[in-house]
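Here is a friendly walk through one protein model, with an eye on its fold and its charged side chains. Have the viewer open as you read.

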Amino acid sequence: MAKIVAIVTIERNAVAGGAPIFVEPDTNKRESTAFLLEKILDANAHDLKNGTFILVDHRHE
């Protein structure tokens with residue numbers, strides 16, 4: 001089963017949960033942060049097209 005390891009979003013109140021949440025109001029900065037975390041966490045960044053990226057570890061057991 002996959003696990004959400006981080007969230008990068010425009011608006012803090014739009015998301016909740018146990019994963020770390022990074023708030024980046026600027027579109028370019030949000031994408032940059034998501035792609036940098038993707039490399040650091042060895043995860044996959046998924047754009048939900050609503051101002052939020054989720055970073056998912058698909059190898060999680």
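## Overall fold

The protein chain has one helix and four strands, where helices (H or I, at least four residues) and strands (E, at least two) are DSSP runs numbered from the N terminus. Along the sequence these elements follow the pattern β-β-α-β-β. The radius of gyration of the protein chain is 11 Å, close to the 10 Å that the globule rule gives for 61 residues, so the chain is as compact as a globular protein of that length. Here the radius is taken over C-alpha atoms, and the globule rule is 2.2 Å times the number of residues to the power 0.38.

Please keep in mind that this is a predicted model, in which local features need pLDDT of at least 70 and side-chain atom pairs count only at pLDDT 80 or more, while totals for chains, interfaces and linings use all residues. Residues are numbered from 1 along each chain as its sequence is written, and side-chain values use heavy atoms, with hydrogens and water left out.

## Size, surface and contacts

Taken along the principal axes, the C-alpha atoms fill a box of roughly 35 × 20 × 20 Å. The protein chain exposes about 4100 Å², and carbon and sulfur atoms supply 52% of that area; the areas come from the Shrake-Rupley method with a 1.4 Å probe, and for residues only the protein chains shown count as cover.

Of the 61 residues, 33% count as buried. Buried means under 20% relative accessible area, exposed over 50%, and partly exposed in between (1.4 Å probe, protein chains only). Among contacts (heavy atoms within 4.5 Å) between residues at least 6 apart in sequence, 35% join residues at least 24 apart.

## Salt bridges

How many salt bridges does the count come to? It comes to three, where a salt bridge is a side-chain nitrogen of Lys or Arg within 4 Å of a carboxyl oxygen of Asp or Glu. In one of them, the side chains of Arg59 and Asp42 meet at 3.0 Å, N to O. Arg59 lies in the segment after strand E4 (52-57) and Asp42 in the loop between H1 and strand E3 (44-47), so this pair ties together parts that are 17 residues apart in sequence. Both partners, Arg59 and Asp42, are exposed.

Arg59 also forms a salt bridge with Asp57, with the closest N and O atoms 3.8 Å apart. Shared partners therefore join Asp42, Asp57 and Arg59 into one network. Within that network, Asp57 is buried, with a relative accessible area of 16%, whereas Arg59 is exposed at 57%. Elsewhere, Lys49 pairs with Asp47 in a salt bridge, with closest N and O atoms 3.7 Å apart. Asp47 counts as partly exposed at 34% relative accessibility.

## Two positive phi values

Most residues other than glycine have a negative phi. Asp42 has a phi near 50°, a positive value. Lys49 also has a positive phi, near 65°; this residue sits in the loop between E3 and E4 and is exposed, with a relative accessible area of 71%.

## A buried glutamate

Glu24 lies in the loop between strand E2 (21-23) and helix H1 (27-41). Glu24 is buried yet has no salt bridge, and the nearest side chain of opposite charge, Lys29, is 4.4 Å away. Lys and Arg count as positive and Asp and Glu as negative, with His and the chain ends not counted. Leaving out residues up to four places away in sequence, Glu24 touches Val8, Thr9, Ile10, Lys29, Arg30 and Thr33.
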